[in-house]
Amino acid sequence: MSTVDDIEQAVSQLSLDELAAFRAWFAEFDAAAWDRQFEEDAAAGRLDRLSEEALRDDQEGRCTDL
C-alpha cells in the first residue's frame, strides 16, 4: 500500500470533528506550500515575463479599475 493510500484510508475513518480539524489544518498547510512555491518562482525570475506583460497592459490602457 502506498503512503497516499494510507492517508486516504486514515482520512476516511475520521469523525466529523476530526475531519473538520484536518480540513482546516490542510488548508493552512496547502496555502503555505503555495506561498513558498510562489516566492521561489518570483526569486528565480520565473514570473518576470508575466509582471512585465501586466505592466505593459496597464501602461497601454488595457486594465480597468474594478
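Read along its sequence, the protein chain of this predicted model follows the pattern α-α-α. In other words, its secondary structure comes to three helices and zero strands. The radius of gyration of the protein chain is 20 Å, well over the 11 Å that the globule rule gives for 66 residues, so the chain is more spread out than a compact globule.

**The chain as a whole**

The outline tells you more about this spread. Taken along the principal axes, the C-alpha atoms of the protein chain fill a box of roughly 55 × 30 × 15 Å. How many of the 66 residues count as buried? The share is 2%. The protein chain exposes about 6000 Å², and carbon and sulfur atoms supply 55% of that area. As for charge, the protein chain carries 6 positive and 18 negative charges, and the mean positions of these two sets are 7 Å apart.

**Two helices, end to end**

Helix α2 covers residues 16-43. At 1.5 Å a residue, its 28 residues should span 40 Å, and the end C-alpha atoms of α2 are indeed 40 Å apart, so expectation and model agree. Just after α2 comes Gly 45, which takes a positive phi of about 85°.

Helix α3 covers residues 48-59. Its 12 residues should span 16 Å at 1.5 Å a residue, and its end C-alpha atoms are 16 Å apart, which agrees. A glycine follows here too: Gly 61, just after α3, takes a positive phi of about 75°.

**Aromatic rings on helix α2**

A search of the whole structure finds six aromatic pairs. One of them is formed by Phe 22 and Phe 26, and this pair is stacked, at 6.1 Å centre to centre with 25° between the planes. Why might two such rings meet? An α-helix has 3.6 residues a turn, so residues three or four places apart point the same way. Phe 22 and Phe 26 both lie in helix α2, four residues apart, about one turn of the helix.

Trp 25 also pairs with Phe 26: their ring centres are 6.1 Å apart and their planes stand at 55°, so this pair is tilted. Together, Phe 22, Trp 25, Phe 26 and Phe 29 form one aromatic cluster.

Are these rings buried or exposed? The table gives the values for three members of the cluster, including Trp 25.

| Residue | Relative accessible area | Class |
|---|---|---|
| Phe 22 | 28% | partly exposed |
| Trp 25 | 47% | partly exposed |
| Phe 26 | 37% | partly exposed |

Buried means under 20% relative accessible area and exposed means over 50%, so Phe 22, at 28%, counts as partly exposed. By that cut-off, Phe 26 at 37% is partly exposed, and so is Trp 25 at 47%.

Terms used: Residues numbered from 1 in each chain as written. Predicted model: local features only at pLDDT ≥ 70, side-chain atom pairs only at ≥ 80, totals over all residues. Heavy atoms only, no water. Helix = DSSP H or I, 4+ residues; strand = E, 2+ residues; numbered from the N terminus. Rg over C-alpha atoms; globule rule 2.2 N^0.38 Å. Buried < 20%, exposed > 50% of the residue type's maximum accessible area, 1.4 Å probe, protein only. Areas by Shrake-Rupley, 256 points an atom, 1.4 Å probe, with all protein chains shown as cover. Lys, Arg positive; Asp, Glu negative; His and termini not counted. Charge placed at Lys NZ, Arg CZ, Asp CG, Glu CD. Expected span 1.5 Å × (residues − 1). Phe/Tyr/Trp six-rings, centres within 6.5 Å; stacked < 30°, edge-to-face > 60°.
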